[in-house]
Amino acid sequence: MPSLFPDSPDPLRIGGATLSSRFFLGTAGHPSPAVLRAAIEASGSEVLTVGLKRTLHSGDNGALAHALAAARARGARLLPNTAGCRSAHEAVALAHMARELYDTPWIKLEVVGDEHTLQPDPFELLAAATALAREGFVVFPYCTEDLVLGRRLLDAGCPLLMPWGAPIGSGQGLLHLQGLRTLRERLPDTVLIVDAGIGAPSQAAQALELGYDAVLLNSAVAHAQDPVAMAGAFRDAIRAGRQAWRAGLMAPQSMAVASTPVSGHAFLLGDA
């Protein structure tokens with residue numbers, strides 16, 4: 001599917017697709033399908049996540065399907081997810097259903113191991129990723145910032161990693177900052193997308209300033225007082241964060257450094 005902005009000088013390439021937007025948007029919890037459609041438009045997002053379990057159990061599938069169809073018509077891709085799965089077996093089965101329903105090999109793989117934090121289960125996640133990659137899926141694994149797990153997922157065939165910033169829906173931002181930095185430094189050529197926990201545009205910008213390739217969020221837009229305006233704010237913050245990273249951020253200093261040095265230069269004090 002073609003990019004919405006094919007002439008972008010800074011494309012993101014994933015699984016044969018070329019993307020211009022680095023803002024991946026979730027579709028759950030919006031006040032109405034009309035608000036969702038407007039938020040998608042304002043976000044400029046080219047990748048939309050959709051929960052298959054939610055779709056199957058929703059009483060308003062037609063309205064959601066209409067909103068998603070409109071987004072796909074303008075070039076957006078759907079990224080079905082396995083939210084709610086607790087085992088590799090369950091996640092693999094749901095991924096196959098998603099591929100048939102949405103006609104895409106892309107799958108956001110979620111296998112949760114803790115009910116309180118919704119932290120991914122590393123063992124079940126790796127097992128599911130290995131099975132799905134062998135079957136031709138393009139696996140987007142929702143994981144932690146664990147470097148060793150990340151390498152195992154890449155070795156299993158995942159083309160990218162999606163480490164959390166904080167627990168899903170918490171809006172706490174990048175709690176695991178050092179781990180995220182390490183992941184970026186140790187995997188310089190891997191596509192890394194911060195997924196979960198982002199609550200404000202400034203936090204999304206921070207992720208891009210760290211060198212992350214994109215962010216995925218849902219609740220911060222869906223639960224905002226004005227989801228459409230918030231989607232636009234995130235769009236702009238993500239673009240700014242990416243531009244700042246490309247421009248090269250100054251290195252932090254441990255002490256003050258005068259921005260206008262005066263040592264060795266003559267100058268006058270008082271009235272002339």
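Let me start with helix 1, which spans residues 33-43 in this predicted model, and in which L36, A39, I40, A42 and S43 are buried. Taken around the helix axis, these residues cover an arc of only 165 degrees, and therefore they sit on the same side of helix 1. As background for that pattern, an α-helix has 3.6 residues a turn, so residues three or four places apart point the same way. What does the face of helix 1 turned away from its buried side carry? That face carries the exposed residues A34 and E41. Just after helix 1 comes G44, and its phi is positive, near 70 degrees.

That brings me to backbone angles elsewhere in the chain, where it helps to recall that most residues other than glycine have a negative phi. There are two residues I would like to show you against that background.

L118, although it is not a glycine, has a positive phi of about 55 degrees, and you will find L118 in the loop between strand 6, residues 106-109, and helix 5, residues 122-134. Its relative accessibility is 26%, and because buried means under 20% and exposed means over 50%, L118 counts as partly exposed.

A196 is the other residue, again not a glycine, and its phi is positive, near 90 degrees. Where is A196 found? A196 is in the loop that runs between strand 9, residues 191-195, and helix 8, residues 201-209. With a relative accessible area of 10%, which is under the 20% cut-off, A196 is buried, whereas L118, as I said, is partly exposed.

Conventions:
Residues are numbered from 1 along each chain as its sequence is written. This is a predicted model: local features need pLDDT of at least 70, side-chain atom pairs count only at pLDDT 80 or more; totals for chains, interfaces and linings use all residues. Side-chain values use heavy atoms; hydrogens and water are left out. Helices (H or I, at least four residues) and strands (E, at least two) are DSSP runs, numbered from the N terminus. Buried means under 20% relative accessible area, exposed over 50%, partly exposed in between (1.4 Å probe, protein chains only). The arc is that of the directions from the helix axis to the C-beta atoms.
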